[in-house]
Amino acid sequence: MSERYAERGVDEKAPDVGELTPPDRTLMGPGPSDVHPRVYRAMMAPVVGYLDDFYVEVMDDVQAGLRYLFRTDNEHTFAVTGTGSAAMETAFGNLVEPGETVLVPDNGYFGDRMGQVAERAGGDVVTVDAPWGEPLDPAAVEAAFDEHQPTVFGFVHGETSTGVQQANVDELTDIAHTHDAYVVGDTVASLGGAPFHTDEWGVDVVYSGSQKCLSAPPGASPITFSERAVEKIRSRESQPRSWYLDFDGVWEYWGDERNYHHTGPISTMYALRESLRLVSEEGIAEMWDRHERVAGALKAGVEAMGLSLNVAPDYWLPTPNPVTVPDGVDDGVVIERLMDEHGIEIVGGLGALAGEIFRVGCMGHSARPGKVTQFVSAFGSVLADEGAAVDVEAGAGAVARALGGDE
């Protein structure tokens with residue numbers, strides 16, 4: 001060891017860190033999902049500077065791809081450097097001023113998180129009620145608006161904790177706009193996996209994540225702002241409380257000026273760009289169809305085994321499927337055995353549904369026939385071993401019939 005540093009008390013023994021060898025998992029939980037091989041390859045491309053002309057072109061490509069994905073013409077469409085929760089905070093932290101009333105749902109874990117984020121932005125948070133496992137009723141939203149007169153309303157399009165898809169989004173936005181309120185939509189678990197029409201439905205701010213239906217790693221989270229929302233943000237009486245997620249600061253980097261705000265995550269953005277190329281090549285409508293078809297096979301398989309999904313068919317979201325835990329079965333043991341014996345990751349329920357459901361993802365590169373076939377077979381085998389009354393062969397047959405020979 002160098003005498004120069006030894007005399008300063010630097011520890012001579014460095015940590016013994018071995019070579020990085022991650023296990024090869026099949027990711028069938030609520031996220032992240034499997035990363036597409038082309039996305040992995042894109043991440044291996046050489047890193048350039050965050051204002052290099054090449055990287056600026058990458059950012060332009062990402063914006064164009066996100067507009068296609070969001071179904072919007074919004075100019076202010078970009079990717080937040082962070083996970084979906086950072087995008088949530090970007091939405092509420094910029095749109096909400098201290099003292100404003102914010103209406104959020106209480107029918108799932110991430111509706112509750114919306115409220116926490118809005119409260120930290122200074123908002124006065126009120127809720128619209130619905131049971132976990134059901135969407136918001138437009139009549140209840142209307143009543144909440146009449147009672148509280150919020151200026152900002154948030155909804156979760158695909159609630160990761162329950163597997164519920166919010167219906168009647170256009171009705172909810174009409175109610176909000178009639179009351180001169182702004183609408184924020186959470187599509188972290190649904191964007192790319194279920195139809196969403198930002199402009200047609202009149203949603204003012206929409207955010208998502210990269211690690212679910214987009215087959216990319218977490219860290220670059222899509223977001224889009226309507227001009228109406230941008231006007232509200234730019235007429236704020238006080239600055240947003242977050243410097244890092246300040247809309248105008250970030251837009252200096254993503255907009256025409258391209259001024260430094262923070263160091264862009266070069267490799268992560270390469271990944272998002274490639275994932276958006278995959279979306280464009282497949283076609284957004286075809287991507288929605290694939291998720292519904294493959295998840296439909298998963299649903300058919302678990303139901304044929306004798307299980308059920310904890311969501312009504314009208315509200316079923318194809319991406320995170322809430323499979324009811326059979327009586328007498330320890331969900332934790334099943335989850336652990338699937339991981340240890342089959343290399344398949346699923347997770348249990350959150351909040352009010354803890355211990356009651358398995359959350360089985362069918363998203364992005366994990367939404368493929370072979371993955372679903374593998375999962376249903378392994379899942380049924382473990383459940384039968386744990387004493388559940390399941391018909392494993394019936395489940396496998398139902399999957400095969402639903403897929404119709406697809407590989």
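# Exercises on loops, charges and contacts

Glu257 has its place in the loop between α10 (247-254) and α11; helices (H or I, at least four residues) and strands (E, at least two) are DSSP runs, numbered from the N terminus. The model is predicted, so local features need pLDDT of at least 70 and side-chain atom pairs pLDDT 80 or more, while totals for chains, interfaces and linings use all residues. Residues are numbered from 1 along each chain as its sequence is written, and side-chain values use heavy atoms, leaving out hydrogens and water.

## Exercise 1: the α10-α11 loop

**Task.** Work out whether Glu257 is buried or exposed, and find the negative surface patch to which Glu257 belongs.

**Solution.**
- Step 1. Start with accessibility: Glu257 has 54% relative accessibility and therefore counts as exposed. (Buried means under 20% relative accessible area, exposed over 50%, partly exposed in between, with a 1.4 Å probe and protein chains only.)
- Step 2. Now look around Glu257: together with Glu75, Glu227, Glu231, Glu252 and Asp256, Glu257 forms a negative surface patch. (Patch residues have over 30% relative accessible area and no salt bridge; like charges are joined within 9 Å, nonpolar side chains (Val, Leu, Ile, Met, Phe, Trp, Tyr) within 5 Å. Areas are Shrake-Rupley values with a 1.4 Å probe, with only the protein chains shown as cover for residues. Asp and Glu count as negative, Lys and Arg as positive, His and chain ends not at all; a charge is placed at NZ of Lys, CZ of Arg, CG of Asp or CD of Glu.)
- Step 3. Move on to Arg258, also placed in the loop between α10 and α11. Arg258 is buried, at a relative accessible area of 15%, and has a positive phi of about 55° although it is not a glycine.
- Step 4. Finish with Pro265 in the loop between α10 and α11. Pro265 counts as buried at 19% relative accessibility, and its C-alpha atom is separated by 10.0 Å from that of Val80, 185 residues away along the chain.

## Exercise 2: salt bridges

**Task.** Find how many salt bridges the whole structure holds, then describe the partners of Arg273, Arg290 and Arg337.

**Solution.**
- Step 1. As a reminder, side chains of opposite charge can pair when their charged atoms come close. Searching the whole structure gives 15 salt bridges (a side-chain nitrogen of Lys or Arg within 4 Å of a carboxyl oxygen of Asp or Glu).
- Step 2. Arg273 meets the side chain of Asp61 at 2.8 Å, N to O. This pair links distant parts of the chain, 212 residues apart: Arg273 sits in helix α11 (residues 266-282) and Asp61 in helix α3 (residues 53-70). Arg273 is partly exposed at 29%, and Asp61 is partly exposed at 34%.
- Step 3. Arg290 bridges to Glu282, with their closest N and O atoms 2.7 Å apart. Arg290 is buried at 17% relative accessibility, whereas Glu282 is partly exposed at 29%.
- Step 4. Arg337 meets Glu386 in a salt bridge of 2.8 Å, N to O. Because Glu386 lies in the loop between α14 (369-385) and α15 (392-403) and Arg337 in helix α13 (residues 331-342), the pair ties together parts that are 49 residues apart in sequence. Glu386 counts as partly exposed at 28%, while Arg337 counts as buried at 17%.
- Step 5. Don't miss the network: salt bridges link Arg38, Glu274, Arg277 and Glu281.

## Exercise 3: polar contacts of two residues

**Task.** Identify the polar partners of Gln166 and Thr81.

**Solution.**
- Step 1. Gln166 lies in the loop between β7 (164-165) and α7 (169-178) and is buried at 6% relative accessibility. A polar atom of the Gln166 side chain lies 2.8 Å from the backbone nitrogen of Leu136.
- Step 2. Thr81 is found in strand β2 (residues 76-81) and is buried at 17%. The Thr81 side chain makes a polar contact with the His262 side chain at 2.9 Å. (Such a contact is a pair of N or O atoms within 3.5 Å; within protein, one must be able to donate a hydrogen and the other to accept it, and residues adjacent in sequence count only if both atoms are side-chain atoms.)

## Exercise 4: backbone details

**Task.** Locate the cis peptide bond and describe the backbone at Asp180.

**Solution.**
- Step 1. The cis bond joins Gly31 and Pro32, with omega about 5°. Pro32 belongs to the loop between β1 (26-27) and α2 (37-43).
- Step 2. Asp180 has a phi near 60°, a positive value in a residue other than glycine. Asp180 sits in the loop between α7 and β8 (182-186) and is exposed at 58%.
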